Every structure is written in structure tokens, then in C-alpha cells.
Amino acid sequence: MAAQRSDGERLAKALGWFSIGLGVAQLAAPRRMNRLIGVDPDGKSTATMRAIGVREIAAGVGLLSQPRPTQWAWGRVAGDAMDLVLVGDALNSDDNDRPRAATTLALLFGITALDVYCAQRLTNTRRAPMTTAVDAERQEGIRVRKSVTVNRPADEVYAFWRNLENLPRFMKNLESVQVTGGGRSHWRAKAPAGTSVEWDAEITDDRPNALIAWRSVEGAEVPNAGVVRFLQAPGGRGTEIHVDLRYDPPAGKLGALVAKLFGDEPGQQVDGDLRRFKQVLEVGEVLYSDASIASGLRPAHPPEGQAPQLYDREEAILAERSADTAATTSNRDRASSTPPGEPRPSSAMPRL
Amino acid sequence: MRANCWMGTQRVEVRDVPDPQILNERDCIVKITSTAICGSDLHLYNGFMPTMEKGDILGHEFMGEVVECGRAVKNLKVGDRVVVPFTISCGVCNACRAEAFSCCENSNPIPQVSEAVVGHPLCGFFGYSRLTGGFAGGQAEYARVPYADVGPLKIENGFTDEQVLFLSDILPTGYMAAEMCDIQPGDFVAVWGAGPVGLFAMASAKLLGAERVVAIDRFDYRLQRAVARAGATDVINYEQLDGTTVVDALKELTGGRGPDKCIDAVGMEAHAPGLAYAYDRTKQALKLEIDRPIAVREAIMACRSGGTVSIIGVYGGMVDKFPLGSLMNRAITIKTGQTHVPRYMKPLLGRIERGEIDPTMVISHILPLADAPKGYDMFVNKMDGCEKVVLKA
Ligand SMILES: [Zn+2]
Ligand SMILES: [Zn+2]
């Protein structure tokens, strides 16, 4: 699978350089290029050649700048089709050098075949199934890496995550996670129109206070795998949480649903989830604003009627946090005895 | 309830909206008695801050009476009189523990908006666009106050609203601007902008030991107030300079050294005579830059080598023609930040109590909440000697 992928990508890169070289020649010497392919270099054909040059350069840049330029590869195929029509037309005109145009047409068929092959390669590898978390290292699909620092000790942060049933408390689109035993769990995520998508997952690696890895078991609609690492943040700032996950978006309706599940941009949803994770652990609950309680744009003013359904609160954390709160209040009292401008005691707040 | 809502560029309306509710355990609901229009509200009014929506309730300077408490709020009770900081701070994150309350890591529920614009999420503020969390503001009859056990300051003595209202923003903001200057005996401090924050910065600079304070503005009435009420020793009206520049005028005042400390209390909508203004205003109108950094440019160019520039005026995004060479080669220190309001509230209440500073000096108008649109119009057009508008809910 990995070979197949580098295959398509290597070809895409080569075609990218080819596009740029061709485009530059077409822009710089459109008349000579026209003569070369057997077309009479009049004003109109010169303009057309220049326009094609611009298109070639754009396609080349696209192919070279994207890690997996599937769209650009298919874009090249569309460009080939256009060129085939133009050169085919040229064959019918007495003004043109017909043998040369015929040679050009044959050459174009060859390039088109190469472009189609490349685009298909890129497209196919995108749909490769996800098998194991280790395989995921070389896997196609979408990879998301995000991290956040939580001002709590690693054992607490790890324990909260390791209890997978906690995950829906901060993962916005997750409805429930049920631990089914033997390292396995059943995941259920919200989908549009009241439907949901479900899959089974298993923990593949579990190192207390350091790492949890998981993957979906075979047959999942949305194959996914991930690992979360817990590192001690320097300077006593708590715990760094590094999430690295991959998922394989299927095509069609389910694909759209999955896109929603993971956010419009890969990673955006995970980013929001991690910030909510931080809030749950540090504060005890997810904070709402007037604009954040509904999805989509709404004025920042109080909602109509009843307050929206909120997540369950983390009672234990809330209780613990009220101790923090008391400390914060006394913090302000203490500040009154230290006028601004004078150095404040650095160990102002007791660390928990 | 009635609330002053942003309805588009230079359009605000007092409308009927639903009453706020407790959404989180640490919320309280405050029945507002006094609120104010801030200079930074004018950036929203003039349409320069992105991510506003029609119907957003404005206002981040307010005080009133607690009428409802979430069950995790233990330090406040119904009936308490509180001033609410414009910054929303959780009190437990690393930033809050370091008293950098305006860098709170947990108070912006829609962090991706500001993360895209400024690289990291901004702290939550009341009534100040989705960049700062999308919270309803306090130019209203009621407001929901999140993390109410951290920010709000209980007022227990017989202060009037006008005496303590500005602890919510502009008094700590002006004070922090001066504090960031690390003022030494003999210091000459220049303050760009003689609005309310500028006046508090000048008064604070004097309190902290500045020898001379020069106020820079284009309205004579504001400059007169700076001298009469905030202790400014010198003034520069940059529209009446007769061929010289603010930088040259400052050098003239300081024997060629330049001010030791410079405070930008202007922000993104600065004015200046001549080409610089036209350049920035045009780029701003075309959305090629968000801010007009005229005041901060002048402050850097004017500041003495080795001096400090303190930026407290609000900026939103990218600027052009920033004098980085002057800044670097002349060893100038820049200090800036949104105000860590809760850090300053109680000490400044002490200064008010001892008569060291009188916040009411900046008030020019007191209007009913229903007249908020009139207040914005007067403030933005500097009509009728407008300096600071207080609204009574
Ligand atoms: Zn303000
Ligand atoms: Zn915080």
C-alpha cells in the first residue's frame, strides 16, 4: 500500500515539473510552440497557447505543493481533454501542418493516459482501508495531530482519558462510548438528521500515565486509529496531551457525515475537543457563551426560552475545584495588600 | 429585557431580547445599574472589528446587583453589589494563577476564530465579537457573568456607581499602561490620546512618580481636561503643529532626548494630519490592514533610546510600515496587553477610597440606556465635549 502511494505521488511530482516546464515554454515562445505542434501561429492561436501555458503552470504548482494532489491530477486530465479537442480541430484546418498535428495528437493521448493513471492511483490509495495502529504510520487517509497543556498532574489526566466513557464529555460529536470488556469499546457518534454512526474499537497499547493507543476493529464504517501521549510539561505547568489520529473518510453520504464528525477542516474539531478537555479537567465543566451554545451564526444575546441541554457536570472535579475557587478569591484579597507596581510574591497561589 | 445591540456599521439599537440565564455552574446574573460606552466599543461601532453579528449585545463596562447565582458560586450572594471586569477569567489555568487574567486559557468557548486571526485564542470578553468568545455584553438591563467567583469585585462601602464603575476596565487599563512603563524619578512620559484611558494613564503616571506628562490629542477640550483633571504638565495638539511633527515637538519638550516612556492610548483608529493617515485609512477601508498604527509608530520614533513604549490602545490584526529598525537599534522595550483587570481592582478601589484618584473626572454625559445610540453618535463625533458616556439601566 505504501509503495502504491509513493508511486502515484512520485508520478504526480514528475508531471508537476513537466507542467511547469511546458507552461513556461508556452508563455515565453507561444509562436514557436505552435509551429512545433503543427498549428499556424496567428494571433488567436498565440493567445490560446499563452492561456494553456498559464493553466499548465498552475497545474504544476498545484501538483508540487500538495502532499496528495488528487484534485490537481484530475485537473490535468481535464486539461488534456481540452487540448485533445483543440489539436483535433487543428487537424481539420488547411492552414496547419497536418502531419505534425497528428504527431502532437498521438503524443497528447500518451500524456493523457499517464495523467489518468496518476489521478487514479492517487484516488485509489486514498480509499485504502485502515488496518492496525502500526500500519497507520504509513497509512493514507487523514492524519490529525493536536496538543494542549492541562494544568493537572499526568495521572489524573491519564485516568480521565483512560475511562473512555468520559470522552463524550468533551468530544462534541461523540454521543457515547461503552466499554464492552477485553480492551474493547463501542463508540456512537451523532450524525445529521438524528442518525448516528457506530463502530467498535480496541485499545492496542496502554501505558499508565504515558500513552493510550486504539484502533477501530475490522468492519468499521469509518476506519480510524489514534494514539494519545501524556508528557509532563516543563516548569510544573501540568501535563501535555499530544493526540495523533488518522481516519479514513469514505466517499458519498457517509463521507459527508464523517467530515462533520471531525470538523470542516481536519483537526479543527479535535482542537476544540482538546480545549474542552482542558476546561473539564481544570475548571470542572465546559464553558458556554451566548454565541457558542448553538452551531452556526447567531447573535451574541441570551437564547430564547429554556437554556439548552448541557453536558453532565463532573461532580467530583467540581467539588475539588471549589477549593481552587476559594484560593482564587483569597488571591484578590491578598492583592489588596500588595499595591500594583510593587513586586508580587511569586508563590502567590498554592499549587495543588 | 432591553439591550443595546450592534446592528451594522454605525448602527446600534436598543431592542427587546430574552433575559440571560445561568448556563454554567459558576455563572451569576447581574441586574445592571450602570454601564458605559468605551472607546474600544467605537472600533465595533465603526465596523473595524471582524466577526460581529447583527443583534450582538454590546458593552463590557458594567456593574450592578447580583440577582441569581450558579451553585458553584460561593463568594457572592443575591443582593451583592458588584463591579464586573471586562475580562472573563477562569481563575485556575496557568495564566490566571500567574495573575495574567487577560491571558486566561479557558474563557473563550469559540477559540478557533481568534486562533485563525492572531495565532492563539484570545481571552473571553463581554460584548466584543466572536474573537473574544461571543459573550453578550453589559449595555443591557441584565447580564450573565461567567466565572463569577473570580472576576467581580464586591462593593461594600458607600461609593456611588460613578466612583467605582470604571474599575471594570478603563481605570485599571490606564493604570496598567503607566505601570508597564516602570516609571523612575524624573521620567518624562508622553501619552497619545486624551480620552478616558489616556487621562487615567496620565493620572497614574503622576501617581507613580513621573516628573512631567505630556498629553497628545487633536481636540483642545480633551487636552484642557488632561491638564485640569489628570495632571498633564504639557500638551501637543497635533493638528496645530505648524509644519513640525509630533516627534520633533516631543524632542523640543525634552531637550532632544525624547520622552523616557511613551503610552499609546489610541489604538487602531488613530488620526494624523497628512499622508500617513490617508495611506493607512485607505488600506484599512480596503481591508488590506486592520489597524492604523499611527500613534504607535510615532511613539516608537519619539521614545528616547533605551526607553519604553507601552501599548494599551486596542489593535486587531496586521499593520504596515512598522518602525522595527528604530525599535531594535535603539533598544526600546515594548510592553502591552489587555488589562489583567482583577489584579488591579481592589488596590485601585483603595486608591479611590484614599482620594488619590477620582474616576468621575472623565464623565461628560450620563444618559438612560434607551439613549445608547445617541451616546455612541456623540462619542464617535466628539460632540458636546463628549469624553465618557455612562448609561443608566
Ligand atoms: Zn472598555
Ligand atoms: Zn484562566
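These are my notebook entries on the metal sites, salt bridges and a surface patch of a predicted model.

**Entry 1. Zinc ion (ligand 1)**

I began with the donors of the zinc ion (ligand 1). I found four protein residues: B:Cys38 through SG, B:His60 through NE2, B:Glu61 through OE and B:Asp169 through OD. Their distances from the ion run from 1.8 to 2.3 Å. I then looked up the geometry, and the arrangement is tetrahedral because the 4 donor atoms subtend angles of 90 to 135 degrees. Along the sequence I noted the spacing C-x21-H-E-x107-D for these donor residues. I located B:His60 in the loop between β4 (56-57) and β5 of chain B, and B:Asp169 in the loop between α4 (161-164) and α5 (170-179), so this pair ties together parts that are 109 residues apart in sequence. I also checked accessibility: B:His60 is buried at a relative accessible area of 2%, and B:Asp169 is buried at 5%.

**Entry 2. Zinc ion (ligand 2)**

Next I turned to the zinc ion (ligand 2). I recorded coordination by the SG atoms of B:Cys90, B:Cys93, B:Cys96 and B:Cys104, at 2.3 to 2.5 Å. The site is tetrahedral, with angles of 101 to 120 degrees among its 4 donor atoms. For reference, I noted that the ideal angle for four tetrahedral donors is 109.5 degrees. The donor spacing along the chain reads C-x2-C-x2-C-x7-C. I looked up two of these cysteines for burial, and both B:Cys90 and B:Cys96 are buried.

**Entry 3. Salt bridges**

I then took the salt bridges. The count over all chains is 34.

In chain A, I examined A:Asp271, which forms a salt bridge with A:Arg275 at 3.7 Å between the closest N and O atoms. I placed both residues in helix α8 (residues 268-282), 4 residues apart, or about one turn of the helix. A:Asp271 has a relative accessible area of 11%, so it is buried.

In chain B, I looked up B:Asp16 and found a salt bridge to B:Arg2, with the closest N and O atoms 3.3 Å apart. B:Asp16 lies in strand β2 (residues 11-16) and B:Arg2 in strand β1 (residues 2-8), so the pair ties together parts that are 14 residues apart in sequence. I noted that B:Asp16 is exposed at 59% relative accessibility, whereas B:Arg2 is partly exposed at 34%.

A further pair in chain B is B:Asp80 with B:Lys154, whose closest N and O atoms are 3.5 Å apart. I located B:Asp80 in the loop between β5 (61-69) and β6 (81-84) and B:Lys154 in strand β10 (residues 153-154), so this salt bridge ties together parts that are 74 residues apart in sequence. B:Asp80 is buried, with a relative accessible area of 7%, whereas B:Lys154 is partly exposed at 27%.

I also recorded a network of salt bridges that links B:Arg81, B:Asp161, B:Glu162 and B:Lys392.

**Entry 4. Nonpolar surface patch**

Finally, I looked up a nonpolar patch on the surface of chain B. B:Val117, B:Val118 and B:Leu122 make up this patch, with an area of about 190 Å². I placed B:Val118 in helix α3 (residues 111-118) of chain B. B:Val118 is partly exposed, with a relative accessible area of 42%.

How values were computed: Residues are numbered from 1 along each chain as its sequence is written. Chains are lettered from A and ligands numbered from 1 in the order in which they are written. This is a predicted model: local features need pLDDT of at least 70, side-chain atom pairs count only at pLDDT 80 or more; totals for chains, interfaces and linings use all residues. Side-chain values use heavy atoms; hydrogens and water are left out. A salt bridge is a side-chain nitrogen of Lys or Arg within 4 Å of a carboxyl oxygen of Asp or Glu. Helices (H or I, at least four residues) and strands (E, at least two) are DSSP runs, numbered from the N terminus. Buried means under 20% relative accessible area, exposed over 50%, partly exposed in between (1.4 Å probe, protein chains only). Donors are N, O and S atoms within 2.8 Å of the metal (3.2 Å for Na, K and Ca); water is not among the atoms, so sites may look incomplete. Four donors count as tetrahedral if all angles lie between 85 and 135 degrees; four count as square planar and six as octahedral if opposite donors are over 155 degrees apart and all others between 65 and 115; anything else is irregular. Patches are made of residues with over 30% relative accessible area and no salt bridge: like charges are joined within 9 Å, nonpolar side chains (Val, Leu, Ile, Met, Phe, Trp, Tyr) within 5 Å. Accessible areas come from the Shrake-Rupley method with a 1.4 Å probe; for residues, only the protein chains shown count as cover.
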